[in-house]
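Trainee: I would like to learn how to read strand pairing and helix burial from a set of coordinates. Could we work through an example together?

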Amino acid sequence: MADKNLESLYNGLKKFNRENISCVTSIRYKTGFSGFDALLGGGFSSGLTVLGALPGLGKSTFMFQTAMNIASGGVPVLIFSMEMSETQIIAKYISHETFMETDEKKAVTANDLLNAEKSGKFTDETWKIIEKAVKKIKKPLENIYVIERNKCDANTKKISEITDSFIEREGKKPIVIVDYLQILNNGEKSFGDKQMTDVNITEMSALSLKHNIPVILISSVGRSSYGREITLGSYKESGNIEYSADVLIAIQFKNKQNSVENEKSKFPREVEISLLKHRFGPIGSVAEFNYYAPYDTFIEKNSSSEIEKSRGKGKKTRKLKSNKNAVENNIEEMKRIYEKLEEVIHK
């Protein structure tokens, strides 16, 4: 006898019409980076995404900045932070905003903000910059919730429970960010590292499927990737990440031939973000970024933000305006020449 719970694909096929298509489509959450969104097919969507990088490439910073951009649109974001405190993350957001509004000479680093000796010597001008930054990020931060390690025990079951409770209480579906994968556990002390990672990946994937939400795990990569290009094989030392993730993202230095130390010493650090796996889309393209590490800021290359920020903010902007004025003047001159030619022809 056939199982009464089994249904043929015909029943699912009925959803693919104008009236019911919303039952099977998923929302794309724009990250605020147009090139990166294009790689993702419009932004983050429901499913399990793993973001991996070597230390010093700003994988947590990138996701925190992305969370801010998404939260600015009214979407709630749950950040399960296994390493950083809520206070440290807020300091990073303030530092980022001071840098975007000024430059590296006037901006404030997160370390300085949290350093009693240095913050005690801030000038009135610096405090005005900080106050302006705090005011600007106040609204999006209303939609970001940081759950520190001691509140979730770095436990995947607890993360699922907190997410379930949030959805039930708020009536909204959040984006979930976990920083980071290798610290997680599920209460089984007998498991080895790879086995633990596999179980955690499975449970986080189940959370995504249960609520049809994006779950993004920040991950380390294998030591074999140090000084080399990150590939799917870079994740083999960390369990079956490459098989279980719907989307696998890598952040790495643009210049892979140079030493990691030399690349880290640059300001800004030139990095590229690539898709190593995309279950429902193409792979192979990259989005290039400048990473201003001291100020916790990623700026996508060729974006309007990069133009305004490109070391000489006012100078670059003035140059663009000057070029625009020159073009407009040329157009006016061409119109006058054309009118004179018209007069000559008619005579």
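Trainee: Which residue in S7 does Ile-249 stand opposite?

Mentor: Keep in mind that this is a predicted model. Ile-249 stands opposite Leu-275 in S7, and that pair belongs to a wider arrangement in which strand S6 (residues 247-253) and S7 run antiparallel and are joined by seven bridges. S7 also pairs with strand S8 (residues 286-292), again in the antiparallel sense, over six bridges, and here Ser-274 has Val-286 as its bridge partner in S8.

Trainee: Is strand S7 mostly covered or uncovered?

Mentor: Strand S7, which spans residues 269-278, is mostly covered, since nine of its 10 residues are buried.

Trainee: How should I read burial along a helix, and which residues of H9 are buried?

Mentor: The general idea is that an α-helix has 3.6 residues a turn, so residues three or four places apart point the same way. In H9, the buried residues are Thr-156, Ile-159, Ser-160, Thr-163, Phe-166 and Ile-167; seen down the helix axis they fall within an arc of 125°, so they line one face of H9. On the other side of H9, Glu-168 and Arg-169 are exposed, while the elements covering the buried residues include strand S2 (77-81) and helix H10 (193-211).

Trainee: What is Thr-163 in contact with, leaving aside its neighbours within four places in sequence?

Mentor: With those neighbours left aside, Thr-163 is in contact with Leu-78, Phe-80, Pro-174, Val-176, Leu-207 and Ile-213, and its relative accessible area is 0%, so Thr-163 counts as buried.

Conventions. Residues numbered from 1 in each chain as written. Predicted model: local features only at pLDDT ≥ 70, side-chain atom pairs only at ≥ 80, totals over all residues. Heavy atoms only, no water. Buried < 20%, exposed > 50% of the residue type's maximum accessible area, 1.4 Å probe, protein only. Contact = heavy atoms within 4.5 Å. Helix = DSSP H or I, 4+ residues; strand = E, 2+ residues; numbered from the N terminus. Pairing = 2+ DSSP bridges. Arc of directions from axis to C-beta.
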